[in-house]
Amino acid sequence: RIICPASHAFAAVKGDGSVVTWGRADKGGDSRSVAGQLVGVRRVYSTLSAFAAVRAEGAVVTWGTPLNGGDSKFVRGELAK
């Protein structure tokens with residue numbers, strides 16, 4: 001349904017709301033660390049080397065290069081819903 005590019009990786013939202021990523025692992029192409037959270041995704045946004053997925057209930061999941069937005073642990077509570 002949706003393909004979102006970053007500089008060296010892609011994220012695709014499939015029809016069932018799951019996400020597939022590929023490209024350079026250190027630039028967002030490896031989403032295994034958050035794979036269990038990438039369900040019910042409606043939209044994915046990207047920066048140079050990070051992604052943010054918005055789930056159906058409003059939660060946001062991030063991955064990729066921490067300095068480019070891939071690490072949202074300090075605002076996790078605000079992104080929960």
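**Entry 1: strands and A11.** I take a strand to be a DSSP run of E with at least two residues, and I number strands from the N terminus. With that in hand I looked up A11, which lies in strand β2, residues 9-13. The model I am reading is predicted. Is A11 buried or exposed? A11 has a relative accessibility of 0% and therefore counts as buried, the limit for that class being under 20%. I then followed A11 to A80, 69 residues away along the chain, and noted that their C-alpha atoms are separated by 21 Å.

**Entry 2: A80 and A59.** A80 itself is in the segment after β6, and its relative accessible area of 41% makes A80 partly exposed. How far apart are the C-alpha atoms of A80 and A59? I read 4.5 Å between them, although the two residues are 21 positions apart along the chain.

**Entry 3: the largest pocket.** I turned next to the largest pocket, for which I have a volume of about 220 Å³. Its lining consists of 13 residues, and those closest to the pocket centre are Q37, V60, V61, S72 and R76. Which strand gives the most to this lining? It is β6, residues 60-64, which contributes three residues. By residue class, I noted six nonpolar, four polar and three charged residues in the lining.

**Entry 4: Q37 and S49.** Since Q37 is one of the residues closest to the pocket centre, I also looked at its separation from S49, which is 12 residues in sequence and 19 Å in space, taken C-alpha to C-alpha. S49 is placed in the loop between β4 (41-46) and β5 (50-55). I recorded S49 as buried, because its relative accessibility is 1% and the class takes in values under 20%.

**Entry 5: salt bridges.** How many salt bridges does the structure hold? I count four, and I looked up three of the pairs, including R32 with D30, whose closest N and O atoms are 2.8 Å apart. In this pair R32 is exposed, with a relative accessible area of 69%, whereas D30 is partly exposed at 25%. For R55 and E57, which also form a salt bridge, I read 2.9 Å between the closest N and O atoms, and E57 is partly exposed with a relative accessible area of 36%. The side chains of D71 and K73 meet in a salt bridge as well, at 3.6 Å from N to O, which falls within the 4 Å that I use as the cut-off. I have D71 as partly exposed at 34% relative accessible area, and K73 likewise counts as partly exposed, with 44% relative accessibility.

**Entry 6: D30 and G69.** Returning to D30, the salt-bridge partner of R32, I checked its position against G69, which is 39 residues from D30 in sequence and 15 Å from D30 in space, C-alpha to C-alpha. G69 is found in the segment after β6, and I noted G69 as partly exposed, with a relative accessible area of 37%.

**Entry 7: a nonpolar surface patch.** Which residues form a nonpolar patch on the surface? I have I3, F10, V20 and W22, which together offer about 360 Å² of accessible area. I3 belongs to strand β1, residues 2-5. I3 counts as exposed because its relative accessibility is 57%, and the limit for that class is over 50%. In contrast to I3, A11 in strand β2 is buried at 0% relative accessibility.

How values were computed. Residues are numbered from 1 along each chain as its sequence is written. This is a predicted model: local features need pLDDT of at least 70, side-chain atom pairs count only at pLDDT 80 or more; totals for chains, interfaces and linings use all residues. Side-chain values use heavy atoms; hydrogens and water are left out. On a 1 Å grid over the protein atoms alone, a cavity is a set of points where a 1.4 Å probe fits but cannot get out, and a pocket is an open set with protein on both sides within 12 Å along at least five of seven lines; lining residues have an atom within 4 Å of a point. Grid points are joined across faces, edges and corners, and a volume is the space filled by probe spheres set on the points. Helices (H or I, at least four residues) and strands (E, at least two) are DSSP runs, numbered from the N terminus. Ala, Val, Leu, Ile, Met, Phe, Trp, Tyr, Cys and Pro count as nonpolar, Asp, Glu, Lys and Arg as charged, and the others, Gly among them, as polar. Buried means under 20% relative accessible area, exposed over 50%, partly exposed in between (1.4 Å probe, protein chains only). Patches are made of residues with over 30% relative accessible area and no salt bridge: like charges are joined within 9 Å, nonpolar side chains (Val, Leu, Ile, Met, Phe, Trp, Tyr) within 5 Å. Accessible areas come from the Shrake-Rupley method with a 1.4 Å probe; for residues, only the protein chains shown count as cover.
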